Amino acid sequence: IYSCTCHSETKMTISLRQRARSKLTGAGGSNSNTSSILPQTHNNLHNDCDNENTTKNLPRRRRRKIQRQMKSLLILCLSLGLFFGVMGVSFFGATLLLFDNSKNNLISSAASPAEAEENENAFATPTLPLTPGQVSPLRWSNDNTVVQQYGSRVGLPPQLIPTLTSYAQQMGLLDIMKNMLYENPLQPGDDARWFSFQSPYQTTTKGGSNEGIRNFTWNVERPESHWKSDMHWFNTADELAHEDSLRALAKGGFDQVLQGIGAMYGLDTLHVDSVGFVAVTNCERGFMHHDWENVDGRAFNFLFGIHSPVDSGAELYVENDEERRGELQYGSNHGILVGDGTRHGTKECDHRSHREVRITCSVYLADVTDDNLVVIAGDSTSIFPPTGDVGAEYVLGRER
């Protein structure tokens, strides 16, 4: 048990064993004190082994050990070099692919058919937030081509959405829009329903009483059943309501939006033709349509959300002349402009499980000319302004 395991010749090992026995037995050959001297004997045996056997073999053993260490280190270096080489090639290849895709917005050939179709019909997103009034034409993400000549994102002033939301809330209209579709909705194609409000901006008369505060009228309509939704349209229904809504838009900085659109499309003038809100809780299938056609590119519907359920997702379809369709979500930074011949429709949704409603502000805009006067004056989307000859006279008088 206590022998030293040294790699030496048999003769040397026998010599060490004999010497150990003599030390164990001691003087007189007695081994009565063996238990007390065993540890010391073990140490002495190791010392003898080291002194007699390892001195002359130490250099060779050390060289072998160093050689083994160098071989291990060399193998490790080669392995690491191979690993990082493969990773570098992979990273470089991926970088080239990303760079190429960033230039052309191309989809990868490895995408599934569903992903490929989704990416092909996706709209490119502006790299930076739009500034108020900045117009960015809608483009397809995969080839950067324009979707429609009169379809664009337009940057919003930061105060516009809060101002319009507050205006509708103080007037009492916001609560009606949130609750009516659940509690007392119109049936598709029903006659309009009417509401009387007072302006949040007119609190007292000059004399300090409320007697002279005037009421104005809004109405609500629901489109026919082929729209496949419970959408309700809320619109100004008289001139006083229209003028008061213009005050709300002005407080929200809407002039910047008008200036941006007018400059982008080279318009002579641009006026707000009507103001309203669109409320919807569910839509089975989006009804694709255009709001304006044959107006020489001088009339638009400008849409921006004032209330959206959490995680509502995309809210609007826009398609080109070949019926290639993409989808958009209203954001706090921009609204969506759809003009002459631009087909669009509400994205399918269902917010009823959380008793939620999506509310969008819809502002009709027009640059009236002799060529488009009849079309603009004949629009019957809202009760006000009136249609026909009376509407033409009103529009012309406003233009002056």
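Here is a short chat about a predicted model, its cavity and one of its helix pairs.

Q: Hi! Which helices and strands are we dealing with, just by count, in the protein chain?
A: The protein chain has nine helices and 14 strands. Keep in mind that this is a predicted model.

Q: Sure. And how much of the chain counts as buried?
A: Of its 400 residues, 40% count as buried.

Q: What about contacts between residues 24 or more positions apart?
A: Those make up 73% of the contacts in the protein chain with a separation of 6 or more.

Q: Switching topic: how many cavities of 30 Å³ or more does the structure hold?
A: One. The volume of the largest cavity is about 60 Å³.

Q: Which residues line the largest cavity?
A: The lining consists of Asp273, Ile376, Ala377, Asp379, Ser382, Phe384, Pro385, Pro386, Gly391 and Val395.

Q: Nice, and which helices supply at least two residues each?
A: Helix H8 (373-377) and helix H9 (388-399).

Q: What does that lining look like by class?
A: Six residues are nonpolar, two are polar and two are charged.

Q: OK, now helices H4 and H5. At what angle do their axes cross?
A: The axes of H4 (residues 160-171) and H5 (residues 173-183) cross at roughly 85 degrees and come within 4 Å. H4 is therefore roughly perpendicular to H5.

Q: Which residues meet there?
A: From H4, Thr165, Ala168, Gln169 and Met171 meet Leu173, Leu174 and Met177 of H5.

Q: And how do the residues of that contact divide by class?
A: Five are nonpolar and two are polar, with no charged residues in the contact of H4 with H5.

Note on methods:
Residues are numbered from 1 along each chain as its sequence is written. This is a predicted model: local features need pLDDT of at least 70, side-chain atom pairs count only at pLDDT 80 or more; totals for chains, interfaces and linings use all residues. Side-chain values use heavy atoms; hydrogens and water are left out. On a 1 Å grid over the protein atoms alone, a cavity is a set of points where a 1.4 Å probe fits but cannot get out, and a pocket is an open set with protein on both sides within 12 Å along at least five of seven lines; lining residues have an atom within 4 Å of a point. Grid points are joined across faces, edges and corners, and a volume is the space filled by probe spheres set on the points. Ala, Val, Leu, Ile, Met, Phe, Trp, Tyr, Cys and Pro count as nonpolar, Asp, Glu, Lys and Arg as charged, and the others, Gly among them, as polar. Axes are lines fitted to C-alpha atoms, for helices over the stretch in contact, and angles run from 0 to 180 degrees between N-to-C directions. Angles under 35 degrees count as roughly parallel, over 145 as roughly antiparallel, 65 to 115 as roughly perpendicular and the rest as oblique. Contact means heavy atoms within 4.5 Å. Buried means under 20% relative accessible area, exposed over 50%, partly exposed in between (1.4 Å probe, protein chains only).
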